[in-house]
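Visitor: I would like to learn how to read packed helices, burial and backbone angles from a set of coordinates. Could you take me through some cases one by one?

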Amino acid sequence: MGLYGSGMKLRIAADASEEQVRAIASAVAEHAGESVEVFVGEAAEPAATASPPDADAGEGDEASEPEEPTGRERALREEIADIEEGGPEKYRERLADQGKLFVRDRLELWFGEDGLTFEDGRFANRDAEDRLPADGLITGAASFEGRDVHVMANDFTVKAGSMAEKGVEKFLRMQQRALKTGRPVLYLMDSSGGRIDQQTGFFANREGIGKYYYNHARLSGKVPQVCVLYGPCIAGAAYTPVFADFTIMVEGMSAMAIASPRMVEMVTGEDIDLQELGGAAVHARESGSADLVARDEEHARELAATLLGYLPDNSDERPPRRDGTAPAAAPAGLDAAIPESPTKAYDVTAVIERVVDADSWFELRPEYGPEILTGFARIDGRPVGVVANQPAARAGAIFPDSADKAAEFVWTCDAYNVPLLYLTDTPGFMAGSQVEKEGILEAGKRMIYATAEATVPKQCVVVRKAYGAGIYAMSGPAYDPESTIALPSGEIAIMGPEAAINAVYANRLADIEDDEERAELEEELREEYREDIDVRRMASEVVIDEIVPPSELRRELVDRFAFYETVEKDRVEKKHGTIL
């Protein structure tokens, strides 16, 4: 035996068989860690050669071709492919009749051909007697419009997307990881609720389904939570949409309710179908639980993408800024869009479209509480939250539902560092026995509270009338706006001229028998009152900061939001307020 160059040469007895020679060559090469040539007897040529198993290719040699996956890996891939087929084929076939996608096709629509960046818990409940792939719930992470997000999605082919122990565990882990990463969460919901026959495994447990809502509360205001509904979300499943910051329903497909129609009939005797009970129209117009209604699945994705474009990843960051664009309508036409009479109706979007960037106005809850418009926009590329009285709807008076809508929107904007623009044109809070029964004082309190506690930069614009406590709710001078500015059409008063004259001079006017004389005095008193509440008087008394020419309002807001962009305001040190 001897060493020659970089290899080893070995000579063995002449009577060794070919099999023995090959075995010796392989064993010595593995043991010595280098190549071996084995010679038999006096032969001049080697009978066998061998290299160590992990030998690198020699210098100048081409690297070895990668080997094919082993049978073990192929078996695992086959198992994964089976899981990704979802529930029984008959349930997949029914999805088309319902007008919706299979969940993994939905993930491809949202996140591209590769779907999720990675998935957690794919093998959940693989040993179940029934076919329960992923336990009917997909969780993981994805890239969405260039943003990293956490994702959960129900698989409706697995027991109607119902939730049980393993799926609940996956859901909770996803939420807890979102708290760690500070990244947004997308809930793609299509669930009939909890599996009643398995409730002992998840219902009241410390780490059961109730922990969903505990985690929702902890995530609230920390990271944006966006929920899209694709089907019936009943009982416990319905709480995730209402706990989310924003809820999108799909018209004719989505529904959510505290109980199914069958359960409602059992409890109350009411015979009602699911859409009448909790469809998109109900929650968009009546309850206010739906922020947006999509036409179909593609539109739902588009709405979610637009929405997240105004929001940061978490409460420690600022909203993403873009390049600014000119308004859709010329700012020079603003004054003409506002009627001379403070009581004449007009659409406040005529003001909005002249001050915000073109195509940036994105209204939320348009059918709920329409007396106030709430939505996102950009001013020179900076996201802002807009709260605008709508004189086209019940004169812009503030009703309980519109006050609640505005309060929740202001609170959400403040949580995610979105500056606020208030466009004020309201006769104040609505009066009457009906609104008192509906809680106008309670709702008004919440709106005023949200405005008072908001720490983001605020700009208040008195567009036309600002009467009564409406100026408080709309972040008037007492509510720490960075500026209170007015247009020349503005008026600020306890009440409008007609009501004020009736309240103060009713007896004096009643004593005048001549109708013409009475009318002349009414007009005189009305003009005197108007002079007293005109914004020029308010500017003279330095109640407001400035009166600006309407055509310059856009430029004024661009400059003011830019100047105050880094303002930081602290709340009074305390545990928390008591007003919700």
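Guide: What follows is a short walk through helix pairs, one single helix and a few individual residues.

Guide: Please keep in mind throughout that this is a predicted model.

Visitor: How is the packing of two helices described in general?

Guide: Two packed helices are described by the angle between their axes and by the distance between those axes.

Visitor: At what angle do α14 and α16 pack, and how far apart are their axes?

Guide: Helix α14, residues 400-415, and helix α16, residues 440-453, pack at an angle of about 20°, and their axes are 8 Å apart. Because angles under 35 degrees count as roughly parallel, α14 and α16 are roughly parallel to each other. Their crossing is left-handed. On the α14 side the contact is formed by Pro400, Ala403, Asp404, Ala406, Ala407, Val410, Trp411 and Asp414, while α16 contributes Ile440, Ala443, Gly444, Arg446, Met447, Tyr449, Ala450, Thr451 and Glu453. Sorted by class, this contact of α14 with α16 comprises eleven nonpolar, two polar and four charged residues.

Visitor: Which residues make the contact between α5 and α6, and what is the angle between these two helices?

Guide: Taking the angle before the residues, helix α5 (residues 165-181) and helix α6 (residues 210-219) pack at about 15°, with 10 Å between their axes, and they are therefore roughly parallel to each other. The crossing in which α5 passes α6 is left-handed. From α5 the contact takes in Gly167, Val168, Phe171, Leu172, Gln175, Gln176, Ala178 and Leu179, and from α6 it takes in Lys211, Tyr212, Asn215, His216, Arg218 and Leu219. The classes in the contact of α5 with α6 are seven nonpolar, five polar and two charged residues.

Visitor: Is the crossing of α18 and α19 left-handed or right-handed, and at roughly what angle do their axes cross?

Guide: The axes of helix α18, residues 497-510, and helix α19, residues 515-533, come within 10 Å and cross at roughly 135°, so that the two helices are oblique to each other. The crossing of α18 and α19 is right-handed. Pro497, Glu498, Ala500, Ile501, Tyr505, Arg508 and Leu509 of α18 meet Arg518, Leu521, Glu522, Leu525, Arg526, Tyr529, Arg530 and Ile533 of α19. The residues of this contact of α18 with α19 divide into nine nonpolar and six charged, with no polar ones.

Visitor: Turning to a single helix, what span should α11 have, and how far apart are its end C-alpha atoms?

Guide: Helix α11 has twelve residues, 297-308, which at 1.5 Å a residue should span 16 Å, and its end C-alpha atoms are 17 Å apart, in agreement with that expectation. The helix is also mostly covered, since nine of its twelve residues are buried, namely Glu297, His299, Ala300, Arg301, Leu303, Ala304, Ala305, Leu307 and Leu308.

Visitor: Which phi values should I look at in Arg394 and Ser475, and are these residues buried or exposed?

Guide: Here one looks for a positive phi in a residue that is not a glycine, and Arg394 has one of about 50°, while Ser475 has one of about 60°. Arg394 lies in the loop between β16 (382-389) and α14, and at 49% relative accessibility it counts as partly exposed. Ser475, placed in the loop between α17 (470-473) and β19 (483-486), is buried, with a relative accessible area of 0%.

Visitor: Where is Gln225, and which residues does it contact beyond its neighbours in sequence?

Guide: Gln225 is in strand β9, residues 225-229, and at 0% relative accessibility it counts as buried. Leaving aside neighbours within four places in sequence, Gln225 is in contact with Val185, Tyr187, His216, Leu219, Ser220, Phe243, Ala244, Asp245 and Phe246.

Visitor: What does Asp545 touch, not counting residues up to four places away in sequence?

Guide: Asp545 touches Ser483 and Thr484. This residue is found in the loop between α20 (535-540) and β21 (546-547), and at 48% relative accessibility Asp545 counts as partly exposed. The C-alpha atoms of Asp545 and Ala486 are separated by 8.2 Å, although the two residues are 59 residues apart along the chain.

Note on methods
Residues are numbered from 1 along each chain as its sequence is written. This is a predicted model: local features need pLDDT of at least 70, side-chain atom pairs count only at pLDDT 80 or more; totals for chains, interfaces and linings use all residues. Side-chain values use heavy atoms; hydrogens and water are left out. Axes are lines fitted to C-alpha atoms, for helices over the stretch in contact, and angles run from 0 to 180 degrees between N-to-C directions. Helices (H or I, at least four residues) and strands (E, at least two) are DSSP runs, numbered from the N terminus. Angles under 35 degrees count as roughly parallel, over 145 as roughly antiparallel, 65 to 115 as roughly perpendicular and the rest as oblique. A crossing is left-handed if the near helix is turned anticlockwise from the far one by less than a right angle, and right-handed if clockwise. Contact means heavy atoms within 4.5 Å. Ala, Val, Leu, Ile, Met, Phe, Trp, Tyr, Cys and Pro count as nonpolar, Asp, Glu, Lys and Arg as charged, and the others, Gly among them, as polar. The expected span of a helix is 1.5 Å times one less than its number of residues. Buried means under 20% relative accessible area, exposed over 50%, partly exposed in between (1.4 Å probe, protein chains only).
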